[in-house]
Amino acid sequence: MHHDVRELEHRLGNGLAPDDDRPAGAGRRFVRTDSLLARAERRDPKWAMPPTLRAWITFRESRMAPSAPASYTANLVTRGLAHAGRALGLDSSNAEALEA
């Protein structure tokens with residue numbers, strides 16, 4: 001098993017899941033999850049899972065703020081596409097990154 005997968009699975013299983021739709025504290029959860037994934041991405045820049053998950057988290061974050069200014073949403077979309085682009089650069093057949 002990959003060196004960070006156990007920690008990542010543990011954290012994602014303990015309230016940091018990117019598909020958590022509860023509004024209270026969601027922003028903090030997005031930031032903490034993204035931070036964990038960024039750390040995993042730095043530790044193993046050839047592993048496509050962290051940027052793929054970061055793309056999905058950013059997408060989920062953008063969907064939780066429907067009344068946010070367009071510039072806020074555009075920034076999230078730009079960040080999400082950058083994450084997906086890095087994942088696809090590592091694995092061009094990564095279906096999750098393509099979908100994101």
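## Helix H4, end to end

Let's start with helix H4, which covers residues 70-90 of this predicted model. With 21 residues at 1.5 Å a residue, H4 should span 30 Å, and its end C-alpha atoms do turn out to be 30 Å apart, so the two agree.

## Two sides of H4

Which residues of H4 are buried? They are Leu76, Gly80, His83, Ala84 and Ala87. These buried residues cover an arc of only 95° around the axis, which means they sit on the same side of H4.

Now look at the other side of H4: Ala70, Ser71, Thr78, Leu81 and Gly89 are exposed there.

## An aromatic pair in H3

Searching the whole structure turns up 1 aromatic pair. The partners are Trp56 and Phe59, arranged edge-to-face, with 5.7 Å from centre to centre and 90° between the planes.

Both Trp56 and Phe59 belong to helix H3 (residues 49-63), where they are 3 residues apart, or about one turn of the helix. An α-helix has 3.6 residues a turn, so residues three or four places apart point the same way. Trp56 has a relative accessible area of 23%, so it counts as partly exposed. Phe59 is partly exposed too, at 37%.

## How far to trust the model

Across the protein the mean pLDDT is 81, with 74% of residues reaching 70 or more. Confidence is highest in H4, at 95, and lowest in helix H1 (residues 5-12), at a mean of 59.

Over residues 15-20 the pLDDT falls below 50, though this stretch still has 14 contacts in the model beyond near neighbours in sequence. Where pLDDT is low, the predicted coordinates should not be read in detail.

Key: Residues are numbered from 1 along each chain as its sequence is written. This is a predicted model: local features need pLDDT of at least 70, side-chain atom pairs count only at pLDDT 80 or more; totals for chains, interfaces and linings use all residues. Side-chain values use heavy atoms; hydrogens and water are left out. Helices (H or I, at least four residues) and strands (E, at least two) are DSSP runs, numbered from the N terminus. The expected span of a helix is 1.5 Å times one less than its number of residues. Buried means under 20% relative accessible area, exposed over 50%, partly exposed in between (1.4 Å probe, protein chains only). The arc is that of the directions from the helix axis to the C-beta atoms. Rings of Phe, Tyr and Trp (its six-membered ring) pair if their centres lie within 6.5 Å; planes under 30 degrees apart count as stacked, over 60 as edge-to-face and the rest as tilted. pLDDT is the predictor's confidence in each residue, from 0 to 100. Contact means heavy atoms within 4.5 Å.
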